[in-house]
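Colleague: I am new to reading protein models, and I would like a close look at one part. Could you walk me through the salt bridges and the helices that hold them?

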Amino acid sequence: MTIRTSPAGRTVTGPAARSRTRHVGATWRFGGWALSRIWLIIGLGALWQILARAADNPYFPPPSKIFPIVHDLWFSGPAGHLFLTSKAGDDFTPSLTHIFAGWIIASAVGIVIGVALGRSRAASEFLNPLLEFGRAIPPPTLIPFFIIVFHITDSMFIAVIVFGVIWPVLLNTIDGARTVDSLQLDTAKVFGISGWQRLWRVILPAAAPKIFAGLRVSLSLALILMVISELVGATAGIGDHLVNAQRSFELPQMWAGIVLLGILGLLFNGVFVLVERRVLAWHRGALRNEG
């Protein structure tokens, strides 16, 4: 039996002590994990600096030249505007609108269709060739088609992102909905839980880990497709910044845009992981209990 002493001097035993021990251990593990990631980034940055200085190539500038440009262009604004400059508003607003509009639309459509196909094996097998055909088409090859249909507007950029990012969400949702434990569904039926209630209380929670895996992959793809689509004909956004820097041969500014994309990707992933950990806390707890 695990025994711990509380701050008030009371002795805590049993499940409460074990829960507190697990919580402290998880906190230390998370802190060590975060610290190791920070040191990894610092180490890679130092290596980049050393190699760039040794190469002395204008096409490969060191971080000491790139990060001041990142700061001056986008993050040197007043504190009242979260240190964002006016250029940050001009570049971030259209790009983030394209990313999240496309990702949200693709996620909603992918989850709805994925659950329907996952719970109907006949429909899934019938449509599987069409799904495999669609996901094999590289989204950038459809940019000319979307330009013809939507012209160079926000709808075109969002359509490219929707087509490209829907597949991870759709296929993971199909797999998650298909592998729901039949015993759970039978138990729900025995207790008289209706079809819609089974969907919300059994199917979606059971498929949630797979759904979140698809959502995480699709979010990173949305960032990539945003840049690719904006490189074609955007007049604002991060892609437009990259094109202008390339055309004027301002290589440090071009690299600043590339580093900015990496920062945004890191930020998106970190926020998504925090949300996923909170939403799927019950799932990790169930795995620990099984272990």
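Modeller: Happy to, and here is a short tour of those pairs, with a few words on their surroundings.

Please keep in mind that this is a predicted model. The chain has a mean pLDDT of 85, and 85% of its residues reach 70 or more. Residues 1-9 are another matter, as their pLDDT is below 50, although this stretch has 21 contacts in the model beyond near neighbours in sequence. Where pLDDT is low, the predicted coordinates should not be read in detail.

Now to the pairs themselves: a search of the whole structure finds three salt bridges. Let us begin in helix α3, which covers residues 86-118. There the side chains of Lys87 and Asp91 meet, N to O, at 3.0 Å. Both residues belong to α3 and sit four residues apart, about one turn of the helix. An α-helix has 3.6 residues a turn, so residues three or four places apart point the same way. The two partners differ in how they are covered: Lys87 counts as partly exposed because its relative accessibility is 26%, while Asp91, at 5%, counts as buried because the cut-off is under 20%.

While we are in α3, you can check its length yourself. At 1.5 Å a residue, its 33 residues should span 48 Å, and the end C-alpha atoms are 46 Å apart, which agrees. The helix also has a kink of about 30 degrees at Phe92, shortly before the proline Pro94.

The next pair is in helix α4, residues 121-135. Here Arg135 and Glu132 join their side chains in a salt bridge of 2.9 Å, N to O. These residues are three apart in α4, again about one turn of the helix. Arg135 is partly exposed, with a relative accessible area of 45%, and Glu132 is partly exposed too, at 33%.

The remaining pair is Lys210 and Asp175, whose side chains meet at 2.5 Å, N to O. This salt bridge links distant parts of the chain: Lys210 lies in helix α8 (residues 195-233) and Asp175 in helix α6 (residues 154-178), 35 residues apart. With a relative accessible area of 32%, Lys210 is partly exposed, and Asp175 is partly exposed at 31%.

For a contrast with these charged pairs, look at the largest nonpolar core, which has 63 residues. Ile66 is among those with the most contacts inside that core. Not counting residues up to four places away in sequence, Ile66 touches Trp48, Pro61, Trp255, Ala256 and Val259.

Conventions. Residues are numbered from 1 along each chain as its sequence is written. This is a predicted model: local features need pLDDT of at least 70, side-chain atom pairs count only at pLDDT 80 or more; totals for chains, interfaces and linings use all residues. Side-chain values use heavy atoms; hydrogens and water are left out. A nonpolar core is a set of buried Ala, Val, Leu, Ile, Met, Phe, Trp, Tyr and Cys residues joined through side-chain atoms within 4.5 Å. Buried means under 20% relative accessible area, exposed over 50%, partly exposed in between (1.4 Å probe, protein chains only). Contact means heavy atoms within 4.5 Å. Helices (H or I, at least four residues) and strands (E, at least two) are DSSP runs, numbered from the N terminus. The expected span of a helix is 1.5 Å times one less than its number of residues. The bend at a residue is the angle between axes fitted to the seven residues ending there and the seven starting there. pLDDT is the predictor's confidence in each residue, from 0 to 100. A salt bridge is a side-chain nitrogen of Lys or Arg within 4 Å of a carboxyl oxygen of Asp or Glu.
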